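Let's take a relaxed look around this one. We'll start with a single residue and work outward from there.

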Amino acid sequence: GRREEQLGAVERLAQLEDTPSRRRAALGRAAHLAAELEEADRALALWEQRLEEDPEDAAALGELIALLEREERWAELVRALRRRADGPTAAWQKRADLIRVARVQAEKLEQLADAIATWNEVASGYGEDAAVADALVDLYERTERYEEMAAVLDRTSAREETHLAMVRARQGDAFGQYLGDPARALTSYGRALEAEPDHAEARA
């Protein structure tokens, strides 16, 4: 049909273009046309060609990743996400890509050991927040790595106790310093010490 002819013409134009920026633009147009025609392999090859010309082409890599996800090509998606995470990208983007890698490894590829390694990479690089801890606990349980599961739970419990003690101590400050209610302040400080007996603010 006409769109197929248009795609062929844009592909030929891309090969004839001498200016790199124009050639990359033509490759991008051709890749979008191929995707619209549901020719995923052709579209992926065009995005890869554009990346060969400029490995730091963030737009092309983003389009490649989106297309791989739509086509449910999970192993290739992991490689593409890794490629972006390992490149010159912002810290938030790298963290987000690593989390996507870990989830695909666990949920789509059943590569649980790889998923654990990726989640630990997130934890070491960006901190072990609640979402990271929950994912690791689940994966350690599924793989019967109970010692490591218990270690994550220990760290999580300690963090949550510290946070709860801080919240209750601040509550005590609010009652005592701002609301003129020393009785409720003492209750809040006592509850802070229940959560964390060594909490300095509550003991003071």
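Which residues does Ile 65 touch, once its neighbours within four places in sequence are left aside? In this predicted model, Ile 65 is in contact with Leu 77, Ala 80, Leu 81, Arg 84 and Arg 100.

Ile 65 also belongs to something bigger: the largest nonpolar core, which has 27 residues. Ile 65 is listed there among the residues with the most contacts inside that core, along with Leu 46, Trp 47, Leu 64, Leu 68 and Leu 77. In general, nonpolar side chains tend to be buried together in soluble globular proteins.

Here are the elements that each give two or more residues to the largest core:

| Element | Residues |
|---|---|
| Helix H1 | 2-16 |
| Helix H2 | 20-36 |
| Helix H3 | 40-53 |
| Helix H4 | 58-70 |
| Helix H5 | 74-85 |
| Helix H6 | 91-107 |

There's a second, separate core too, with 20 residues, including Ala 102, Ile 116, Ala 133 and Leu 136.

Now for the whole chain. The secondary structure comes to 11 helices and zero strands. The radius of gyration is 26 Å, well over the 17 Å that the globule rule gives for 204 residues, so the chain is more spread out than a compact globule. Its C-alpha atoms fill a box of roughly 80 × 45 × 30 Å along the principal axes.

As for what's tucked away, buried residues make up 37% of the 204 residues. The chain exposes about 12000 Å², with carbon and sulfur atoms supplying 49% of that. On the charge side, there are 29 positive and 43 negative side chains, and the centres of the two sets lie 5 Å apart.

Methods:
Residues are numbered from 1 along each chain as its sequence is written. This is a predicted model: local features need pLDDT of at least 70, side-chain atom pairs count only at pLDDT 80 or more; totals for chains, interfaces and linings use all residues. Side-chain values use heavy atoms; hydrogens and water are left out. A nonpolar core is a set of buried Ala, Val, Leu, Ile, Met, Phe, Trp, Tyr and Cys residues joined through side-chain atoms within 4.5 Å. Buried means under 20% relative accessible area, exposed over 50%, partly exposed in between (1.4 Å probe, protein chains only). Helices (H or I, at least four residues) and strands (E, at least two) are DSSP runs, numbered from the N terminus. Contact means heavy atoms within 4.5 Å. The radius of gyration is taken over C-alpha atoms; the globule rule is 2.2 Å times the number of residues to the power 0.38. Accessible areas come from the Shrake-Rupley method with a 1.4 Å probe; for residues, only the protein chains shown count as cover. Lys and Arg count as positive and Asp and Glu as negative; His and the chain ends are not counted. The place of a charge is taken as NZ of Lys, CZ of Arg, CG of Asp or CD of Glu.
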